Amino acid sequence: MQKRVVFRHRWLPYLLLAPQIAVTLIFFIWPAYQALETSFFLEDVFGFNRTFVWFENFTALFSDGSYLRSFWTTLIFGLSVTLLSMSTALALAVAANRVLRGKMSYRTFLIWPYAVAPALAGVLWFFMMNPSLGIVAYMLESTFGVDWNHYVNGRQALLMVIVAAAWKQISYNFLFFLAGLQSMPKSLIEAAAIDGASPARRFWTICFPLLSPTTFFLLVVNLVYAFFDTFAIIHATTSGGPADATAILVYKVYSTGFVGQDYGSSAAQSVILMALVIAMTVVQFRFVERKVQY
Amino acid sequence: MADLKLNGVGKTYAGGVSAVADATFEIADAEFIVLVGPSGCGKSTILRMIAGLEEITEGDLQIGGRVVNAVEPGDRDIAMVFQNYALYPHMTVRGNMSYGLRNQGMPKAEIDTRIAEAARFLQLEPYLDRKPRALSGGQRQRVAMGRAIVREPSVFLFDEPLSNLDAKLRTQLRAELKDLHKRLGATFVYVTHDQIEAMSLADRIVIMSSGKIEQIGTPMDLYTNPASTFVAEFIGAPPMNVLQASGQAARELLSLAPDAPADLGFVGVRPEFLKVGDTGVKAHVTLVEPLGAETLVHLALGPDKMIMRGGQDHVFEAGSEITLTLAPSDLRFFDPSGRRISAA
């Protein structure tokens with residue numbers, strides 16, 4: 001009996017793979033190449049002519065104070081979003097794992113935010129936090145005396161997009177943490193209880209270390225999310241402002257290219273971001289996959 | 001060291017399902033008690049209630065004279081060995097064994113002494129720095145045992161600890177367990193579905209069926225004087241022959257016992273008490289299983305089936321007819337509900 005499928009024709013396997021290869025080439029490889037190529041040129045706004053300038057776009061970026069600030073903003077934003085959404089999700093997952101009655105409805109409600117489109121999520125937060133008509137902004141003012149105006153206050157603006165972006169990602173993290181907790185043998189927790197560990201100690205010495213493969217995986221996924229997929233939320237709430245306080249690297253790519261019409265610089269920024277993604281993916285495959293504890 | 005008292009202990013789940021009802025018995029200090037029964041009979045539930053992993057819904061439980069219904073598992077002075085061992089996969093053998101002691105805040109020097117002692121005792125010394133996944137089944141079993149021993153509890157609980165091992169290792173560890181009990185002098189409560197394990201380990205056996213205790217007694221007591229047909233058929237391999245009193249086989253066997261009680265439901269006889277004789281009951285040999293020292297002979301008396309344990313003095317042949325005889329005192333009588341009728 002032959003177990004492996006063998007193609008007799010030379011072209012058939014290529015034909016069968018062609019759609020996938022075409023999609024990859026047209027939508028991933030080609031634009032990536034275009035970005036790489038454009039990053040070495042200076043182009044006029046209408047795209048009539050362009051000059052090859054070697055690495056000038058890159059050197060210009062790294063001597064540009066606003067771009068370097070954007071690096072910091074991105075770092076603060078990414079780490080805060082990851083930390084906030086992962087810790088909230090873990091707390092919710094631990095709680096949901098203990099719920100005995102109405103399990104399904106709890107879980108379904110907790111997964112809902114993930115189904116909200118990023119731009120819509122942005123609009124939701126835009127209305128809630130709007131200094132003149134937002135309900136949350138109003139309550140902050142009346143209850144805590146906080147003068148909320150993220151159009152003027154950069155810190156408040158950054159805080160708002162961090163919370164909005166983290167909120168959006170909680171559902172995803174929650175699902176993974178819950179699955180991780182449920183696949184944990186119950187007898188381990190019971191053994192720890194008999195070994196005299198308090199519930200908190202049980203969590204930190206048994207559950208949390210055993211969740212580490214899930215945690216590492218989510219860490220990378222969340223960082224990638226915060227760095228790249230939060231564009232819509234930022235665009236809908238703050239548009240990168242005020243004074244670039246919420247302009248993370250992806251937003252910079254957009255504003256430089258589409259608003260500033262500086263295609264060369266925008267492409268160079270994309271290339272830097274690409275390198276970042278590749279680095280993170282390598283970390284995930286090489287380091288994280290091997291870090292699995294048991 | 002401590003004794004245990006179960007007083008009307010029961011477990012009813014939120015849905016109204018009762019897993020254990022009215023379990024009342026005492027376990028003496030340093031006794032080896034085995035809870036045995038078919039799966040779903042509630043034996044593990046009782047063990048888990050003793051451990052504090054399952055809430056006791058009726059009655060009360062005392063360990064060493066103290067009611068512990070509301071006491072946390074960690075404060076009950078017990079240790080438990082789980083069926084799947086429940087070793088912490090991210091800790092080394094040493095880490096696994098020291099976890100409970102570290103939780104108590106014991107000084108490091110004393111922890112080290114205790115672990116060294118237990119490791120020597122269980123021959124685990126070469127493996128102390130390995131993770132559980134790098135150990136064989138038998139070694140994991142020993143680590144689970146070691147984790148219990150180092151805590152020096154007064155009561156050890158075992159939940160089918162040998163059922164994941166192969167037959168040879170099981171026999172070996174069974175003997176080690178018995179030896180361990182003797183050396184530690186602690187109270188052992190052991191759950192199994194394997195009646196051979198129960199017979200060979202226990203000082204006393206608690207045999208259960210569908211949430212109720214059928215009988216409590218020493219292994220030989222249960223074997224020779226089963227309180228019900230359930231016990232008679234559960235203990236012993238092959239089990240006791242239990243025959244409908246109205247059936248052909250029972251009527252013929254009863255003809256050998258003149259003083260049988262009146263309101264009979266079932267008649268029982270152990271396979272080894274059936275003998276080949278000159279006069280008695282005729283039976284067909286349907287199947288012969290030679291096991292070396294003994295031979296299991298499957299018999300048919302009309303529609304009824306029996307098994308006898310034959311010695312090496314007689315050659316049995318399938319298809320032949322033999323004459324059975326027995327001593328009337330070896331017959332056990334049960335009423336129609338299956339309870340034992342004690343000999344008058």
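Analyst: Helices (H or I, at least four residues) and strands (E, at least two) are DSSP runs, numbered from the N terminus. With that in hand, we can place a residue: B:Pro238 sits in the loop between α8 (229-234) and β11 of chain B. Please keep in mind that this is a predicted model.

User: Thanks! While we are at that loop, what kind of peptide bond joins B:Ala237 and B:Pro238?

Analyst: The value to look up is omega. For B:Ala237 and B:Pro238 omega is about -5°, and the peptide bond is cis.

User: Let's go on to the strand after that loop. What is the order of the strands in the open sheet of three strands in chain B?

Analyst: Start from the general picture: strands of a sheet pair through backbone hydrogen bonds, either parallel or antiparallel. In chain B the order is β11-β12-β17, and the pairing is antiparallel. The edges are β11 (241-244) and β17 (332-334) of chain B, each of which pairs on one side only. On average, neighbouring strands of the sheet are turned by 25° against each other, direction ignored.

User: How many bridges link β11(B) and β12(B)?

Analyst: Four, in the antiparallel sense. If you want a pair to find on screen, B:Leu243 stands opposite B:Val267 in β12(B). On the β17(B) side, strand β12 (residues 266-269) of chain B pairs over three bridges, again in the antiparallel sense. There, B:Phe266 has B:Phe334 of β17(B) as its bridge partner.

User: And how do I read the faces of a strand? Which residues lie on each side of β12(B)?

Analyst: In a regular strand the side chains alternate between the two faces of the sheet. For β12(B), B:Phe266 and B:Gly268 are on one side, with B:Val267 and B:Val269 on the other. These residues are all buried, and both faces of β12(B) are covered.

User: Now helices. How far apart should the ends of helix α4 of chain B be?

Analyst: Use a rise of 1.5 Å a residue: the 13 residues of α4 (residues 137-149) of chain B should then span 18 Å, and the end C-alpha atoms are indeed 18 Å apart, which agrees.

User: How many residues of α4(B) are buried?

Analyst: Ten of the 13, so α4(B) is largely enclosed by the rest of the structure. Among them are B:Arg140, B:Gln141, B:Arg142 and B:Met145. The buried residues pack against β6 (78-81), α2 (93-104), α3 (108-121), β7 (155-159) and α5 (167-184) of chain B.

User: Let me pick one of those neighbours. At what angle do α2(B) and α4(B) cross?

Analyst: At roughly 30°, with the two axes coming within 8 Å. Angles under 35 degrees count as roughly parallel, so α2(B) is roughly parallel to α4(B). The crossing is right-handed. On the α2(B) side the contact is made by B:Val93, B:Asn96, B:Met97 and B:Gly100, while α4(B) contributes B:Val143, B:Gly146 and B:Arg147. Here is the rule to keep in mind: an α-helix has 3.6 residues a turn, so residues three or four places apart point the same way.

User: Back to loops for a moment. What is the sign of phi in B:Gln123?

Analyst: Positive, near 55°, in a residue other than glycine. B:Gln123 lies in the loop between α3 and α4 of chain B. B:Glu160 also has a positive phi, about 45°, although it is not a glycine. Look for B:Glu160 in the loop between β7 and α5 of chain B.

User: Is B:Gln123 buried or exposed, and is B:Glu160 buried or exposed?

Analyst: Count C-beta neighbours inside 10 Å. B:Gln123 has 11 and therefore counts as exposed, whereas B:Glu160 has 20 and counts as buried.

User: Finally, chain A. How many helices and strands does chain A have?

Analyst: Chain A has 13 helices and two strands. Its C-alpha trace spans about 80 × 75 × 30 Å along the principal axes, and 31% of the 294 residues count as buried.

User: How many residues does each chain bring to the contact between A and B?

Analyst: Chain A brings 16 residues and chain B brings 18. On the side of chain A that touches chain B, α8 (186-194) and α9 (199-210) of chain A each supply at least two residues. The largest share of that side, six residues, comes from α8(A).

Conventions. Residues numbered from 1 in each chain as written. Chains lettered and ligands numbered in written order. Predicted model: local features only at pLDDT ≥ 70, side-chain atom pairs only at ≥ 80, totals over all residues. Expected span 1.5 Å × (residues − 1). Buried ≥ 20, exposed ≤ 12 C-beta atoms within 10 Å, placed from the backbone. Contact = placed C-beta atoms within 7 Å. Pairing = 2+ DSSP bridges. Axes fitted to C-alpha atoms, helices over the stretch in contact; angles between N-to-C directions. Parallel < 35°, antiparallel > 145°, perpendicular 65-115°, else oblique. Left-handed = near helix turned anticlockwise from the far one by under 90°.
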